[in-house]
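Colleague: Before I plan anything at the bench, I would like a close look at one part of this model, namely the site of the ligand. Could you take me through it in one connected account?

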Amino acid sequence: MSPVSLAQTPAAPAAPVKTARARDAHVAKQLESVRPKSSPVGDNDDLVLTTYPEDSQPIPLAWGAAAPQTRGPVVASHYRDGLVKHNSIGAHSGQYCVYHALAVGSKQLDPNHVADYTNSQPAFSVPEQKSWYNKTDIVAMDPLGHLTPYLFDEASKSENVDIRPTIAITKATMQLLELKDAVDNNRLRVDGRVVLNSSGDVSVSKVAVEPVWYLPGVAERFGVSENELRRALFKDTNGMYPELITRPDIKVFLPPIGGLTVYIFGDPAFVSDPSKKLALRVHDECNGSDVFGSDICTCRPYLMFGIEEAVKEAQNGGSGVVIYFRKEGRALGEVTKYLVYNARKRGGDTADEYFHRTECIAGVRDMRFQQLMPDVLKWLGITKIDRMLSMSNMKHDAIVEQGIPIIERIPIPDELVPPDSRVEIDAKINAGYFTNGKIMNQDELKNVQGRTWNDVV
Ligand SMILES: Nc1nc2c(ncn2[C@@H]2O[C@H](COP(=O)(O)OP(=O)(O)OP(=O)(O)O)[C@@H](O)[C@H]2O)c(=O)[nH]1
Ligand SMILES: [Zn+2]
């Protein structure tokens, strides 16, 4: 197998190849040098390990350009003519790209399947924003990702490439026991518009977003150079994406990570209307609590409180937004989180040691890095947040740093803090989370104790 060495990385893109026919011959010749000659897993003559600028003719993609057609589509797929024409590194659908590969590999999916998007168009419109058309406001999602089948259908056909949406917009009715309880106990009223009936069914508009990173912009948010970011992404994923190194001309990367979902209560048009009040909860995934009700943290109760407050804001003539990010266990994953739980329960679960236990195992206490989170707020056209349903200083600072003021911060009410999660909440408050109550010192935190294994069993 001929190795693809970093030394082959060209300093700058070569002059473009003129005609399609000449280009194809040129590409075939160039790609010969990077084809594996033999492989322990069989005949791989048709595989290309990576591409180089001089082999390629990417479809133009000018991130932040002033109009959709000058901006151009995000093209990641190597199928059809995509090998030569792709303008993005990585594959669609975040972490689910691997399932796509399994479907193709197990011959259940034709890789050249052409999607039929009939009737899949957005169920409501998100008003176009200035932030969609500059290089700095939005760097972690494609602001045109919901419009691709309509804006770039022609390009998809004429260029013979796969251009896929990365955003989808729909509507639903939500049924949650906590919302029924809120109606039963007169915290929410039935208005037939937002709260539909006495069962507490709620009308919601929602948006699913897959990650699309503009690498220079992401690097800037993290205060590193684009090259440092590319090298880290390449090396730390054990070389999963050689084009991060071999294609400095390609600026967009579809990372294999979870996306986000926006839940909007009330009229979606009000979200970007500064004359209407906005309540917002930004929530990071905690499957154990959010779905399965573990009482070791405040996640589900704060999420439910956030939804209830968002619904109230919508009923009061404003709107409410809840954004759910797939960043399980502070983006460390559930395995790390459970290892930390064990270490906490075996080591005396006190609030003064709460973050230290995660640091011991993961090396850091948190990998959520909220710097990219505000992009979706800008995409929605949010210019201020009247009521922020979060105590997190990291979320607060990231939003304010991106120029969106937060008028009021609302902590989780004490009565909603579950039995075993006092440790978490007091440790967080000591570490800088917002509170209207007492901030304990390190000594006092030693006395805030969670369950031990003996209590759990
Ligand atoms: N690694 C680790 N993650 C945890 C632990 N407890 C909760 N989490 C994760 O921490 C994150 C909590 O996110 P959010 O519910 O958005 O809350 P927050 O950012 O801490 O702050 P608030 O907005 O004030 O609730 C989720 O990703 C949880 O899965 C823990 O002990 N260890
Ligand atoms: Zn949790």
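Modeller: The helices and strands I shall name are DSSP runs, with at least four residues for a helix and at least two for a strand, and they are numbered from the N terminus. Please keep in mind throughout that this is a predicted model.

Ligand 1 is surrounded by 26 residues, and the closest of them are Arg368, Ser390, Lys395, Lys428 and Tyr433. At least two residues of this shell come from each of strand E7 (278-284) and the helices H12 (299-315), H13 (328-331), H14 (334-346), H15 (354-362) and H18 (422-430). Strand E7 contributes the most, with four residues. Sorted by class, the shell holds twelve charged, nine nonpolar and five polar residues.

Oxygen atoms of ligand 1 take part in several polar contacts, which involve both backbone and side-chain atoms of the protein. For Glu285, the partner is a backbone N or O atom, 2.9 Å from a ligand oxygen, and for Arg330 a polar backbone atom lies 3.0 Å from an oxygen of ligand 1. Tyr433, by contrast, uses an N or O atom of its side chain, at 2.8 Å from a ligand oxygen. Of the 660 Å² of accessible area that ligand 1 has on its own, the protein covers 99%.

Rolling a probe the size of a water molecule over the atoms shows where empty space is left. Searched in full, the structure has three cavities of 30 Å³ or more, and ligand 1 sits in the largest one, whose volume is about 460 Å³. That cavity has 30 lining residues, with Cys299, Arg330, Tyr354, Glu424 and Lys428 nearest its centre. Two or more lining residues are given by each of E7, H12, H13, H14, H15 and H18. Helix H14 gives the most to this lining, with five residues, whereas strand E7 gives the most to the shell around ligand 1. The lining divides into twelve nonpolar, eleven charged and seven polar residues.

How values were computed: Residues are numbered from 1 along each chain as its sequence is written. Chains are lettered from A and ligands numbered from 1 in the order in which they are written. This is a predicted model: local features need pLDDT of at least 70, side-chain atom pairs count only at pLDDT 80 or more; totals for chains, interfaces and linings use all residues. Side-chain values use heavy atoms; hydrogens and water are left out. A residue is near a molecule or strand if one of its heavy atoms lies within 4 Å of it. A polar contact is a pair of N or O atoms within 3.5 Å; within protein, one must be able to donate a hydrogen and the other to accept it, and residues adjacent in sequence count only if both atoms are side-chain atoms. Accessible areas come from the Shrake-Rupley method with a 1.4 Å probe; for residues, only the protein chains shown count as cover. On a 1 Å grid over the protein atoms alone, a cavity is a set of points where a 1.4 Å probe fits but cannot get out, and a pocket is an open set with protein on both sides within 12 Å along at least five of seven lines; lining residues have an atom within 4 Å of a point. A molecule sits in a cavity or pocket if more than half of its atoms lie within 2 Å of its grid points. Ala, Val, Leu, Ile, Met, Phe, Trp, Tyr, Cys and Pro count as nonpolar, Asp, Glu, Lys and Arg as charged, and the others, Gly among them, as polar. Grid points are joined across faces, edges and corners, and a volume is the space filled by probe spheres set on the points.
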